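Here's a quick walk through this protein chain, with a few spots picked out for a closer look. Keep the structure open as you read.

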Amino acid sequence: MSTPFPFTAVVGMDDLRLALVLNAVSPAVGGVLVRGEKGTAKSTAVRALSALLPEVPVVPGCRFSCDPGGPDPHCPDGPHEPGAGTARPARMVELPVGASEDRLVGALDIERALAEGVKAFEPGLLADAHRGVLYVDEVNLLHDHLIDLLLDAAAMGASYVEREGVSVRHAARFLLVGTMNPEEGELRPQLLDRFGLTVEVAASREPELRVEVVRRRLAYDDDPAAFAARWAGEEAALRERIVAARALLPEVRLGDSVLLQIAATCAAFEVDGMRADLVMARTATALAAWAGRTDVRAEDVRQAALLALPHRRRRSPFDAPGLDEDKLDDTLDEFKGEDEGDGDDPGPDGGGGGVPPQRGPEGPEGADAPGESEAPTDTSAPAEPQPQGRPSAGAGEQSAVRATEPFRTKMLSVPGLGEGAAGRRSRARTEHGRTTGSRRPRGTLTKLHLAATVQAAAPHQRARGRGGPGLVIRKDDLRQATREGREGNLVLFVVDASGSMAARQRMSAVKGAVLSLLLDAYQRRDKVGLITFRGKDAELALPPTSSVDAAAARLESLPTGGRTPLAAGLLKAHDVLRVERMRDPARRPLLVVVTDGRATGGPDPVALGARAARLHAADGTASVVVDCESGPVRLGLAGALAASLEGTAITLDELRADSIAGLVKDVQQGQRGRQGPRTHSDARSRRAA
């Protein structure tokens with residue numbers, strides 16, 4: 001087993017280390033979500049936590065880590081008689097992003113269950129993580145169906161595995177820790193709320209701290225065991241302090257005035273539900289215990305709010321998480337109680353519990369390792385990177401305008417049946433959804449089609465010597481259920497930012513429409529990309545990504561002006577989709593062109609645009625043109641472009657979900673010319689005819 005990097009050797013990142021330690025003191029806090037840019041030692045710090053956790057008593061031989069003092073009565077390995085157990089280190093279980101459902105919840109052998117009547121169950125990662133830590137690196141990239149299983153287990157403290165009437169249940173209470181890079185996409189609100197605390201991390205901008213980070217990492221890579229031995233004393237001291245704080249935790253008093261401050265803070269920041277209040281109370285209590293106190297103070301409440309509320313106050317995926325600290329201080333002052341401590345006894349590390357001690361043995365240069373007294377890590381959000389090649393403001397260019405308020409859009413979907421990643425947009429063959437048929441299993445059977453299995457086995461019962469009430473099942477009889485659900489697509493936006501779109505009110509409406517489509521893509525778990533064209537060329541403003549908020553930021557700063565190189569925008573889109581098809585052949589693209597259809601620059605620009613559009617039609621790319629043309633005189637150029645794309649044209653007004661009640665618009669491939677929106681009433685008329 002490899003030697004983990006010592007927790008106390010992590011440089012800086014005070015908030016992250018404190019949040020992890022608080023969960024070690026009080027697992028009821030509910031876990032940590034670590035958000036930050038790549039290369040900031042997020043995973044290193046989380047993995048280092050496992051060495052600090054106290055040992056766990058377990059029933060000998062139990063695969064589900066039952067507590068000998070109160071074993072789970074539903075344990076598949078039970079029943080267990082209460083008694084003495086054995087102690088083992090707390091587990092840090094990692095959930096890979098590409099894990100299967102059976103790997104997470106466990107596998108039930110359906111073949112043995114049908115043929116022998118035996119519940120043969122192989123525990124999954126949820127069973128391994130029981131009474132320990134479940135760590136998900138890049139948690140924002142986890143598939144939706146795995147997220148749903150995690151939510152269910154976290155809410156109920158148990159995992160249920162059901163396969164065609166055969167079910168297994170076992171306890172699954174764990175500390176959930178996740179790391180993510182926001183540039184790669186955001187988490188669903190339901191999963192965000194399950195994390196008790198959230199921390200933003202960024203690389204330090206202090207040269208001295210960066211030097212120390214490199215020095216320690218190189219020393220660890222050269223000899224992990226020797227490096228860990230240098231920090232063994234610091235690790236032991238921190239472990240003892242965590243054990244002492246755990247012992248003190250039941251004695252910590254949470255006064256009414258503190259509860260009022262917590263409730264007032266959650267109300268002031270308009271967080272949804274009551275989980276935030278509970279998490280703040282538990283965090284403030286853990287902070288007091290960590291500081292060696294038995295009373296909770298305002299500084300504990302303030303620190304708890306900074307850790308527990310930022311990810312709960314977001315109202316849309318485009319809102320940056322954060323907290324107005326001035327507003328927080330005003331709220332705490334307004335509801336300050338008389339029974340609050342006077343602050344004369346701040347505890348070992350000052351008010352609010354402080355951060356884990358970090359001073360260690362002298363480094364190779366003979367200087368003390370940087371500790372809390374040195375310059376803190378810069379945890380401010382990194383500046384949004386600007387795409388290369390963006391033209392600077394000049395003659396004929398207008399500055400960026402703000403988008404109108406986003407609205408609910410009609411659903412645009414790719415026709416046919418795909419096999420891409422699970423999502424919520426287009427029809428696809430998936431592991432989850434409604435059952436549409438059966439087939440012989442390829443490899444391990446995962447979803448049994450019971451009726452088809454019985455139908456396949458029934459004609460052979462006499463030949464197999466059936467003598468009792470049960471069926472005689474052979475492996476060849478088993479049938480896998482085929483299911484149909486929804487997939488996520490790659491939605492590539494091609495936005496006209498030329499002078500023809502430069503009317504301030506018009507461009508504001510266009511940005512609002514694209515922002516609305518981005519919000520729709522976020523909700524449907526799509527990847528998005530953004531191409532803009534103006535002047536002489538087109539620009540890939542944002543390569544395909546799961547981060548719709550990054551696309552929204554690019555859109556917000558988009559200036560307008562210049563000529564309309566429509567063909568360049570379509571050709572750039574063709575190149576991007578060609579590369580993406582090689583990277584992820586199963587993810588089907590949806591091309592959304594936002595333009596008035598005009599084209600300028602070069603000889604016969606309209607014909608060039610039509611020729612570029614036909615390239616997409618030849619590739620079978622589903623496409624829709626959002627017609628931005630306005631005014632009493634309309635040229636219908638966007639409709640002609642849609643015809644060349646063999647796609648659909650829709651106006652800005654028709655894009656709204658409430659413009660025609662109940663409209664669901666599919667992008668039609670293989671159809672020439674412009675096709676108008678189809679309503680349910682149209683469908684009823686056709687059926688009646």
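## Cysteines

Start with Cys266: its relative accessibility is 3%, so this residue counts as buried. Cys62 comes out at 10% relative accessibility, and that counts as buried too.

What about disulfides? The count is 0. Cys62 isn't part of one, and the nearest cysteine sulfur belongs to Cys75, 3.7 Å away. The cut-off for a disulfide is sulfur atoms within 2.5 Å, so that pair doesn't qualify.

## How far to trust the model

Bear in mind that this is a predicted model. The chain's mean pLDDT is 80, with 82% of the residues at 70 or more. Residues 341-352 are a weak spot: their pLDDT is below 50, though the model still gives this stretch 25 contacts beyond near neighbours in sequence.

Residues 360-395 also stay under 50 in pLDDT. For that stretch, the model has 64 contacts beyond four places in sequence.

## A three-stranded sheet

Now for an open sheet of 3 strands, which run in the order E14-E16-E15 and pair antiparallel. Which strands stand at the edges? They are E14 (422-430) and E15 (434-439); each has a single partner strand, so one side of each has no neighbour in the sheet. From one strand to the next, the twist averages 30 degrees.

Zooming in, E15 pairs with E16 (residues 480-487) over 5 bridges, in the antiparallel sense. If you want a residue to click on, try Arg434, whose bridge partner in E16 is Glu484.

Conventions
Residues are numbered from 1 along each chain as its sequence is written. This is a predicted model: local features need pLDDT of at least 70, side-chain atom pairs count only at pLDDT 80 or more; totals for chains, interfaces and linings use all residues. Side-chain values use heavy atoms; hydrogens and water are left out. pLDDT is the predictor's confidence in each residue, from 0 to 100. Contact means heavy atoms within 4.5 Å. Buried means under 20% relative accessible area, exposed over 50%, partly exposed in between (1.4 Å probe, protein chains only). Two strands pair if DSSP finds at least two bridges between them. Helices (H or I, at least four residues) and strands (E, at least two) are DSSP runs, numbered from the N terminus. Axes are lines fitted to C-alpha atoms, for helices over the stretch in contact, and angles run from 0 to 180 degrees between N-to-C directions.
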